[in-house]
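Ready to practise reading a protein model step by step? Work through the exercises below with the sequence and the structure side by side, and try each task before you read its solution.

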Amino acid sequence: MRAGFPAAAERVRSGQARLGARALEVALQRDPTIRERAEETGLRQLLRDTEVFVERVARALASGDPGEVREWADWVAPVYRRRQVPMDDLVSLSEGLRSALAAVLAPEEQAAVDVALDEAVATFRRYRRLAGDARKRSRIITALYRGG
């Protein structure tokens, strides 16, 4: 856990709750419909989960391995699918985290975080495509498949 930027990882960990809250704020500014879809309970769960997301980013930053964040994204995507959270919301959350971390990281540290978050976003987009979030379904075609 010393191959990357361990001092930066400690700075990120020390502001974990604040960074998670800021990431959620930015995501809600980017896409205000998240608030309507998630309601109060869903927003609290997202806020709780952003702290774990921040921890994984800190681990990736300390170890120099962006796979820490990619693996986390791969693990949590089915959980979010079960909660019926669109993968686009997680992409927005990732982008919100990217902008929140810019306040506490130096440019070379931010570059390492960008690589890790890009891998997480790619994972969320892959699950988005698999799950059908990428496009709205036609009501006519849906009715035809249902048989009514």
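Keep in mind that this is a predicted model.

**Exercise 1. The pair of rings**

Task: Find out whether phenylalanine 53 and tryptophan 72 are buried or exposed, and describe the aromatic pair they form.

Solution:
- Step 1. Phenylalanine 53 is buried, and tryptophan 72 is buried too.
- Step 2. The structure contains one aromatic pair. Phenylalanine 53 and tryptophan 72 make up this pair, with 4.5 Å from centre to centre and 20° between the planes.
- Step 3. Planes under 30 degrees apart count as stacked, and the pair of phenylalanine 53 and tryptophan 72 is indeed stacked.
- Step 4. Phenylalanine 53 belongs to helix α3 and tryptophan 72 to helix α4, so the pair ties together parts that are 19 residues apart in sequence.

**Exercise 2. The overall layout**

Task: Describe the protein chain by its helices and strands, and by its span along the principal axes.

Solution:
- Step 1. Count the elements: the protein chain has seven helices and zero strands. Read from the N terminus, the order is α-α-α-α-α-α-α.
- Step 2. Turn to the C-alpha trace, which spans about 60 × 30 × 20 Å along its principal axes.
- Step 3. Look at burial: of the 148 residues in the protein chain, 42% are buried.
- Step 4. Take the contacts between residues at least 6 apart in sequence; 74% of them join residues at least 24 apart.

**Exercise 3. The nonpolar core**

Task: Which residues touch the most other members of the largest nonpolar core, and which helix supplies the largest share of this core?

Solution:
- Step 1. The largest nonpolar core has 41 residues, and those touching the most other members are Val12, Phe53, Val57, Leu97, Leu101, Leu105 and Phe124.
- Step 2. At least two residues of this core come from each of α1 (6-14), α2 (16-30), α3 (33-63), α4 (67-82), α5 (87-101) and α6 (107-131). The largest share, 10 residues, is supplied by α3.
- Step 3. Zoom in on valine 57: beyond its neighbours within four places in sequence, its contacts are Val69, Leu97, Leu101, Val113 and Leu117.
- Step 4. For some background, nonpolar side chains tend to be buried together in soluble globular proteins.

**Exercise 4. Two helices side by side**

Task: How are α1 and α3 oriented to each other, and which residues make the contact?

Solution:
- Step 1. The axes of α1 and α3 come within 7 Å of each other and cross at roughly 170°.
- Step 2. Angles over 145 degrees count as roughly antiparallel, and α1 and α3 are therefore roughly antiparallel to each other.
- Step 3. On the α1 side the contact is made by Pro6, Ala8, Ala9, Val12 and Arg13, and on the α3 side by Val54, Glu55, Ala58, Arg59, Leu61 and Ala62.

**Exercise 5. Two buried residues**

Task: Describe the surroundings of threonine 123 and glycine 96.

Solution:
- Step 1. Threonine 123 sits in helix α6. Buried means under 20% relative accessible area, so threonine 123, at 3% relative accessibility, counts as buried.
- Step 2. The side chain of threonine 123 reaches the backbone oxygen of glutamate 119 at 3.0 Å. Apart from neighbours within four places in sequence, threonine 123 is in contact with Arg70, Ala73 and Asp74.
- Step 3. Glycine 96 is found in helix α5 and is buried, with a relative accessible area of 0%.
- Step 4. Not counting residues up to four places away in sequence, glycine 96 touches Ala23, Val26 and Ala27.

Terms used
Residues numbered from 1 in each chain as written. Predicted model: local features only at pLDDT ≥ 70, side-chain atom pairs only at ≥ 80, totals over all residues. Heavy atoms only, no water. Core = buried A, V, L, I, M, F, W, Y, C linked by side-chain atoms within 4.5 Å. Buried < 20%, exposed > 50% of the residue type's maximum accessible area, 1.4 Å probe, protein only. Helix = DSSP H or I, 4+ residues; strand = E, 2+ residues; numbered from the N terminus. Contact = heavy atoms within 4.5 Å. Phe/Tyr/Trp six-rings, centres within 6.5 Å; stacked < 30°, edge-to-face > 60°. Polar contact = N/O pair within 3.5 Å; in protein donor to acceptor, adjacent residues only side chain to side chain. Axes fitted to C-alpha atoms, helices over the stretch in contact; angles between N-to-C directions. Parallel < 35°, antiparallel > 145°, perpendicular 65-115°, else oblique.
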